[in-house]
Amino acid sequence: MLVLGLETSCDETGVALYDSERGLLAEALFSQIDLHRVYGGVVPELASRDHVKRMLPLIRQVLGEAGVEATQIEAIAYTSGPGLVGALLVGASCAQALAFAWGIPAVGVHHMEGHLLAPMLEEQPPAFPFVALLVSGGHTQLVRVDGIGRYQLLGESVDDAAGEAFDKTAKLMGLNYPGGPEIARLAESGTPGRFTFPRPMTDRPGLDFSFSGLKTFTLNTWQQCRDAGDASEQTRADVSLAFQEAVVDTLTIKCKRALKQTGLNSLVIAGGVSANQALRRSLEHMLAGLKGKVFYARPRFCTDNGAMIAYAGCQRLLAGQHEGPEIKVQARWPMEHLPAI
Ligand code: KG4
Ligand code: ZN
């Protein structure tokens with residue numbers, strides 16, 4: 001089945017063509033980062049307007065690259081939540097209009113299920129069951145995954161998501177949006193051991209996370225340095241390293257706990273923060289001790305993209321699922337509410 005996938009949940013317009021027999025044929029992405037950077041974060045109305053501008057040219061580009069005619073497309077998958085409602089509506093309207101015009105089915109995809117399944121596009125995909133750590137700008141969740149749509153939430157953030165913590169921490173140190181890649185880059189030249197930050201909620205049982213206290217701790221440290229007349233690039237790098245180490249360590253401790261609790265030794269990491277090299281190294285080291293394996297997507301498919309939506313939608317379409325003609329999106333949408341296939 002040849003599926004066109006559209007992603008517009010936040011600040012990236014993603015389009016891809018996935019074929020259940022031949023795999024990923026083409027994909028294209030337009031990132032709005034430059035548009036939002038001056039505001040220090042995503043401006044929803046600007047995001048929606050830009051998706052409108054980018055969508056059709058990107059679809060034409062992907063069709064051209066794949067050498068596919070519009071008439072060959074058999075179904076359309078689009079992100080129908082969670083995300084920014086206006087941005088989601090652009091993808092949903094476009095998908096439903098094209099599906100109606102072409103007389104083919106359309107299916108709404110859960111954005112986090114898209115992330116979760118992105119490692120399936122790699123050469124060595126994970127096999128069910130596994131534990132998934134979903135770490136994006138909006139979510140931090142540990143999930144037991146027994147199949148597509150068979151999700152058991154094991155723990156989640158009680159406040160900021162991991163990516164959000166990276167972004168907010170970066171902002172308060174005067175770094176650009178999005179902060180995750182900026183902090184990761186600075187951390188590379190940080191001095192190990194100069195600062196040590198707390199590992200929140202690791203000293204008590206359970207699999208929930210909290211990152212907002214760590215953000216405040218980082219701000220206080222940064223302000224103390226600045227007040228003492230040291231706002232140097234090196235200090236910024238040292239604070240970035242301490243912050244990243246604390247997040248990575250916390251995530252690793254909770255992943256280990258989740259694997260122990262479920263008796264599994266296969267871990268999938270997905271979402272923007274799964275592109276973080278320090279996190280990958282730490283989890284690989286931990287899993288090596290358990291004789292297990294970590295799976296993740298190539299960096300381009302860790303952050304928002306159309307390929308993951310085309311893939312996830314294709315699996316649901318093959319199972320016979322699709323939407324009616326109505327244009328429906330959901331800003332909030334627990335992943336456990338998805339039907340199993
Ligand atoms: O999955 P994603 O593209 O969008 C959402 O669904 O939220 O994730 C974006 C998040 C941002 O918070 C960004 O700062 C973070 O992922 N991120 C990273 C890295 N690359 C992206 N965080 C840490 N290290 C990275 N290398
Ligand atoms: Zn995302």
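What follows walks through the two sheets, the ligand site and a few backbone oddities of this predicted model.

The N-terminal part of the story is an open sheet. Five strands line up in the order S3-S2-S1-S4-S5, and the pairing is mixed. Strand S3, covering 23-31, and strand S5, covering 106-110, sit at the edges, each pairing on one side only. On average, neighbouring strands in this sheet are turned by 20° against each other, direction ignored. Inside the sheet, S1 (residues 2-7) and S4 (residues 75-81) run parallel and are joined by four bridges. To pick out a pair of residues here, valine 3 has alanine 75 in S4 as its bridge partner. Helix H3, made of residues 85-102, lies across S1, S4 and S5. Relative to S4, H3 runs at about 155°.

A second open sheet also turns up, again with five strands and mixed pairing, this time in the order S8-S7-S6-S9-S10. Strand S8 (150-156) and strand S10 (293-295) each have a single partner strand, so one side of each goes without a neighbour in the sheet. Here the average turn between neighbouring strands is 25°, direction ignored. Next to the S8 edge, strand S7 (residues 140-147) pairs with S8 in the antiparallel sense, and six bridges hold the register between them. Within that ladder, glutamine 141 stands opposite glutamate 156 of S8. Helix H8, spanning residues 233-262, packs on this sheet and touches strand S6 (130-135), S7, S8 and strand S9 (266-270). The direction of H8 makes about 155° with that of S6.

Then there is ligand 1. It is surrounded by 19 residues, of which His115, Gly137, Asp167, Gly180 and Asn276 are the closest. Sorted by class, the shell comes out as eleven polar, six nonpolar and two charged residues. Three helices each put at least two residues into the shell: H4 (111-117), H5 (162-172) and H6 (179-187). H5 gives the most, with three residues. As for individual contacts, an N or O atom in the side chain of aspartate 167 is 2.6 Å from an oxygen atom of ligand 1. Two glycines join in through their backbones: a backbone N or O atom of glycine 272 lies 3.0 Å from a ligand oxygen atom, and for glycine 138 the corresponding distance is 3.5 Å. Taken on its own, ligand 1 has 560 Å² of accessible area, and the protein covers 88% of that.

Finally, some backbone details in the loops deserve a look. The peptide bond from phenylalanine 128 to proline 129 is cis, with omega near -5°. Proline 129 is found in the loop that links H4 with S6. Another cis bond runs from tyrosine 177 to proline 178, its omega being near -10°. In this case the proline, residue 178, has its place in the loop between H5 and H6. Methionine 201 is the odd one out for phi: although not a glycine, methionine 201 has a positive value of about 60°. Methionine 201 belongs to the loop between H6 and helix H7 (212-227).

Methods. Residues numbered from 1 in each chain as written. Chains lettered and ligands numbered in written order. Predicted model: local features only at pLDDT ≥ 70, side-chain atom pairs only at ≥ 80, totals over all residues. Heavy atoms only, no water. Pairing = 2+ DSSP bridges. Axes fitted to C-alpha atoms, helices over the stretch in contact; angles between N-to-C directions. Contact = heavy atoms within 4.5 Å. Near = heavy atom within 4 Å. Polar contact = N/O pair within 3.5 Å; in protein donor to acceptor, adjacent residues only side chain to side chain. Areas by Shrake-Rupley, 256 points an atom, 1.4 Å probe, with all protein chains shown as cover. Nonpolar A, V, L, I, M, F, W, Y, C, P; charged D, E, K, R; others polar.
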